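Below is a short round of questions and answers on symmetry, sheet pairing and domain contact. Look at the model first.

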2 protein chains.
Amino acid sequence: MSVALRMNDNGRSLLERAQAVIPGGMYGHQDTKLQWPGAPQFFDRGHGPYIWDSEGKRYIDLMCSYGPILHGHHHPAVEAAVMRQMQQADCQNGPAPVMIDLAERFVNVVEHADWAMFMKNGSDATTLALTIARAATKRKKILVAKGAYHGAAPWCTPNMHGIPEEERVHLAYYEYNNIESVEVAIAAADGDVAGIIVSPFRHDAGFDQELVDLRFARHLRTRCDALKALLILDDVRCGFRMAFGSSWEPIGVQPDLSAWSKAIANGYPLAALLGSDKCREAASRVFATGSFWFSAVPMVASMATLDLLASEGGVEQMHDSASAITRGMLDQANSMGLHVSVTGHPTMTYLTFRGENERYWTTKFAAECARLGLYIHPRHNWFVSTAITRELVSEILAITEKAFMAVKKAGAT
Amino acid sequence: MSVALRMNDNGRSLLERAQAVIPGGMYGHQDTKLQWPGAPQFFDRGHGPYIWDSEGKRYIDLMCSYGPILHGHHHPAVEAAVMRQMQQADCQNGPAPVMIDLAERFVNVVEHADWAMFMKNGSDATTLALTIARAATKRKKILVAKGAYHGAAPWCTPNMHGIPEEERVHLAYYEYNNIESVEVAIAAADGDVAGIIVSPFRHDAGFDQELVDLRFARHLRTRCDALKALLILDDVRCGFRMAFGSSWEPIGVQPDLSAWSKAIANGYPLAALLGSDKCREAASRVFATGSFWFSAVPMVASMATLDLLASEGGVEQMHDSASAITRGMLDQANSMGLHVSVTGHPTMTYLTFRGENERYWTTKFAAECARLGLYIHPRHNWFVSTAITRELVSEILAITEKAFMAVKKAGAT
């Protein structure tokens with residue numbers, strides 16, 4: 001894998017230039033230090049299911065910008081809606097009327113939702129959910145799954161550098177899918193539980209994923225009702241890949257608040273917090289805002305994204321192609337005697353090699369896929385889009401087969 | 001002032017529809033409950049110095065979307081750069097190379113900056129500044145001016161509903177421009193001062209604004225040096241309206257960290273944190289990220305915005321037109337015997353009537369200006385853009401003159 005070698009006038013590579021003016025050369029979840037040596041750090045272009053790095057190399061995209069790209073890059077229907085709105089206005093002294101259209105749309109599409117608020121980051125939505133749960137219940141404790149990612153705000157960022165411990169004094173931790181651990185956390189909170197936040201499935205970075213246990217999900221709902229606490233579903237990562245509605249609608253468990261971002265506007269910057277009437281009054285009392293939260297362009301992109309998903313049965317299509325990919329990869333690995341785990345929801349799957357150290361073979365496999373033109377991630381779940389057609393599923397599986405053969409030849413078991 | 005009466009198919013107004021699906025009908029700084037009865041809540045269009053509300057009424061815009069619009073709405077040079085980038089990609093699996101160009105540009109333009117990080121909200125930048133100051137110093141206390149607005153994150157949002165008091169246990173408060181109060185806060189922090197955050201001038205919402213006292217600014221710098229604490233300039237609101245560089249460059253006081261957003265990309269969603277080498281290592285250790293932080297379109301918009309500002313002497317032009325507006329309004333008020341305060345930096349001025357209760361006449365004046373086609377705000381500083389020409393200054397002053405006459409006739413003194 002070649003590093004990004006594009007030179008500027010002074011003959012310095014992009015990576016050298018980045019190192020000079022960005023701390024560490026790059027930061028956050030897109031930092032290639034989390035991938036393989038030489039993973040492409042900079043990208044030039046995306047179109048449909050394809051992306052091109054800054055060296056001009058093309059890949060089939062199974063990361064979808066870590067979630068936002070739901071209908072492939074630069075989908076013509078989304079772009080057309082965006083272009084029309086851009087001729088009018090984006091960031092104004094107040095929202096455009098499309099904000100109301102979009103709030104009505106979310107309320108219609110998502111079963112538990114009676115109202116919507118919009119913002120920019122997934123972290124904005126999860127943080128506001130905690131604030132509203134606390135305002136609504138006049139209590140302080142929030143139950144959070146150990147190791148879960150709910151964003152990069154001080155209360156939830158996975159790295160404690162510069163974060164005072166008091167930021168987390170009102171959090172109590174449970175184990176995902178472990179009812180007993182929830183009860184222990186509730187007891188420790190001593191009557192002060194404002195809410196429980198939970199992801200649709202366990203998608204902790206770097207670990208095998210785990211689908212939710214139905215009894216666990218129902219238990220959270222029952223306990224929140226009994227405690228008059230609020231159940232918060234963090235649908236930022238999963239929203240609209242598991243269901244056309246909140247990701248727990250297929251299992252019939254309704255949260256009181258749900259946080260959304262990523263895929264809701266096909267790459268345009270938008271997050272949403274949806275809530276039930278139970279916490280509408282509290283939501284109207286808290287102060288939350290941002291300079292670009294009311295911009296119209298991402299909202300029309302979201303309308304177009306939802307329209308497309310509804311009219312083309314996108315959730316089912318993604319589920320079908322994603323299931324074909326995960327089944328195909330498992331068959332390939334099994335037939336070669338390779339021991340891999342393929343976990344999580346098929347549309348957001350994650351593949352690891354069992355018994356490896358520090359994701360050694362998983363990283364080799366991802367690097368080899370990239371060399372062959374398929375972009376996946378060794379330490380983060382992948383994302384399928386509706387742009388992955390049947391033909392592309394075959395192309396993807398042809399690449400994974402070669403990549404499995406290469407790592408087997410190199411010693412993987 | 002007519003309310004937004006545009007009806008949908010069911011004959012309901014926008015405001016009625018918004019009330020049904022958005023808590024309180026609207027939230028945050030663009031909520032018209034902070035303005036006058038009937039202030040337009042929804043906007044359809046912006047072009048150059050003009051905006052049109054959802055009823056089709058046109059205004060000269062002196063709020064500039066609360067800051068973001070620096071070169072007028074839909075500036076052709078910014079839009080052209082945006083359109084070119086949109087054909088390539090926006091939100092990808094990694095940044096586009098323009099992220100490096102933009103970081104280099106900020107480092108060149110802003111004197112104290114050795115590195116840059118980008119994010120979406122001004123609150124993201126100020127919050128990250130605190131985290132980096134704490135990581136760099138391994139201390140916890142941050143000094144903040146009482147009543148200052150540094151964003152809507154839990155540590156700084158002006159309304160405490162749903163915010164546990166522990167969020168602010170490591171903040172110590174001083175009075176803006178009051179050196180003694182800074183010393184009291186430092187003493188109270190007992191050797192644990194990580195940093196001092198300060199706005200370029202005192203721009204608290206609803207109050208007369210106050211420019212910074214040079215001795216005060218220098219004192220903060222001296223004290224941070226002595227304590228080995230970091231000086232954080234919150235340039236989110238003021239950045240690029242007071243100087244082509246950080247807003248304290250004209251007075252020669254350099255911060256260690258500066259937070260930016262609002263005007264840096266002419267309305268496209270972007271924030272930036274700039275820092276000196278002193279805290280580069282700490283910045284590379286903290287974890288901060290967001291789904292849309294690395295999107296390319298707002299970054300090319302920022303490049304174009306800075307290019308325009310540099311090539312057209314935009315800061316000087318805004319200062320000239322803004323000074324003509326503030327001087328003109330003061331002359332008008334004086335000649336009519338009206339007692340008004342016109343405070344703050346001219347490009348972000350704020351006008352109030354002295355001796356009034358609850359901004360009564362200030363609100364009447366803003367409503368009258370709006371009726372006559374000029375959009376200002378009774379509880380927030382205004383914003384001038386480079387789109388305000390000499391001719392528009394005359395038009396603006398013709399409107400303010402009529403508005404002064406109207407409120408005088410109604411009883412203002």
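This is a predicted model: local features need pLDDT of at least 70, side-chain atom pairs count only at pLDDT 80 or more, and totals for chains, interfaces and linings use all residues. Residues are numbered from 1 along each chain as its sequence is written, while chains are lettered from A and ligands numbered from 1 in the order in which they are written.

Q: What rotation superposes chain A on chain B?
A: The fit is by least squares on the C-alpha atoms of residues with pLDDT of at least 70 in both copies. The RMSD is 0.0 Å, and the shift along the axis is 0.0 Å. The two copies are thus related as by a two-fold rotation axis. The rotation is 180°.

Q: Which strands stand at the edges of the open sheet of chain A?
A: Strands are DSSP runs (E, at least two residues), numbered from the N terminus, and two strands pair if DSSP finds at least two bridges between them. The sheet order in chain A is S1-S2-S3-S13, with mixed pairing. Each edge strand has a single partner strand, so one side of each is left without a neighbour in the sheet. The edge strands of chain A are S1 (43-47) and S13 (374-375).

Q: Which residue is the bridge partner of A:Ile60 in S13(A)?
A: Strand S3 (58-61) of chain A runs parallel to S13(A), and two bridges join them. The partner of A:Ile60 there is A:Leu374.

Q: How far apart are the C-alpha centres of domain 1 and domain 2 of chain A?
A: The bounds come from an automatic or database domain assignment. Domain 1 of chain A covers 14-61 + 313-409, and domain 2 covers 76-311. Their C-alpha centres lie 27 Å apart.

Key. Helix = DSSP H or I, 4+ residues; strand = E, 2+ residues; numbered from the N terminus.
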